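The report below walks through one protein chain, from its overall build to a few of its side chains. Please keep the sequence and the structure in view while reading.

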Amino acid sequence: ATVLARDLTAELAALGYRAGAAGAPRSLKVSIVEWNFDGYQNGKFWYDLDVRVLDAAGQSLARKRVNGNHFIEGSIWTGAKAGFEKNYPVFYAQAVGKIVREDAEVRAALAPAH
């Protein structure tokens, strides 16, 4: 959760939002419903996030679920380890991108009212 918060803050800043500003008129709340992986020779990584944009009074301006389910191919010698080392950073970056960058409704809800 700490790493996701750090990376999401950097993502928001890269998109021009003032992430972490006290008293901001909008806030982004991301709840991790599920973040898991399993592996033997092959593996799987799956996640489910609840994303909400809230106004200063805590009222919901936008809400969505972000989820993914990824198969990770391993080998008989290393199991899923090599596949996870290669693919997990890509899947993680995709998950972070889905939260704000790839969602026009969430981006619009985060924008200050004019």
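Of the 114 residues of the protein chain, 32% count as buried, where buried means under 20% relative accessible area, exposed means over 50% and partly exposed lies in between, worked out with a 1.4 Å probe on protein chains only. This is a predicted model, in which local features need pLDDT of at least 70 and side-chain atom pairs count only at pLDDT 80 or more, while totals for chains, interfaces and linings use all residues. Residues are numbered from 1 along each chain as its sequence is written, and side-chain values use heavy atoms, with hydrogens and water left out.

## Overall build

The protein chain has three helices and three strands, and read along the sequence these follow the pattern α-β-β-β-α-α; helices (H or I, at least four residues) and strands (E, at least two) are DSSP runs, numbered from the N terminus. Along its principal axes the C-alpha trace spans about 60 × 25 × 20 Å. Taking contact to mean heavy atoms within 4.5 Å, 57% of the contacts between residues at least 6 apart in sequence join residues at least 24 apart.

## The largest pocket

Rolling a probe the size of a water molecule over the atoms shows where empty space is left. A pocket is here an open set of points, on a 1 Å grid over the protein atoms alone, where a 1.4 Å probe fits and where protein lies on both sides within 12 Å along at least five of seven lines; lining residues have an atom within 4 Å of a point. Grid points are joined across faces, edges and corners, and a volume is the space filled by probe spheres set on the points.

The largest pocket holds about 490 Å³ of space, and of the 22 residues that line this pocket, L12, R18, A19, G20 and R26 are the closest to its centre. Helix α1 (2–14) and strand β1 (26–39) each supply at least two residues of the lining. By class, the lining has 16 nonpolar, four polar and two charged residues, with Ala, Val, Leu, Ile, Met, Phe, Trp, Tyr, Cys and Pro counted as nonpolar, Asp, Glu, Lys and Arg as charged, and the others, Gly among them, as polar.

## Salt bridges

Side chains of opposite charge can pair when their charged atoms come close. With a salt bridge defined as a side-chain nitrogen of Lys or Arg within 4 Å of a carboxyl oxygen of Asp or Glu, the count comes to five salt bridges, among them the pairs in this table.

| Pair | Closest N and O atoms |
|---|---|
| R6 and D7 | 2.9 Å |
| R101 and E11 | 2.7 Å |
| D48 and R65 | 2.7 Å |

The pair of R101 and E11 links distant parts of the chain, with R101 in the loop between α2 (81–99) and α3 (104–110) and E11 in helix α1, 90 residues apart. In this pair R101 is partly exposed at 39% relative accessibility, whereas E11 is buried at 13%. The pair of D48 and R65 also links distant parts of the chain, with D48 in strand β2 (residues 43–55) and R65 in strand β3 (residues 60–72), 17 residues apart. Here D48 is buried at 17% relative accessibility, and R65 is partly exposed at 44%. As for R6, this residue is exposed, with a relative accessible area of 52%.

## K64, D103 and D55

K64 lies in strand β3 and is buried, with a relative accessible area of 16%. D103, found in the loop between α2 and α3, is likewise buried, with a relative accessible area of 16%. Their side chains make a polar contact at 3.1 Å, that is, a pair of N or O atoms within 3.5 Å of which, within protein, one must be able to donate a hydrogen and the other to accept it, residues adjacent in sequence counting only if both atoms are side-chain atoms. The side chain of K64 also reaches the backbone oxygen of K98 at 2.4 Å, and the side chain of D103 reaches the backbone nitrogen of V106 at 2.8 Å.

D55, in strand β2, is partly exposed, with a relative accessible area of 22%. A polar atom of the D55 side chain lies 3.0 Å from the backbone nitrogen of A57. Not counting residues up to four places away in sequence, D55 touches P25 and L61.
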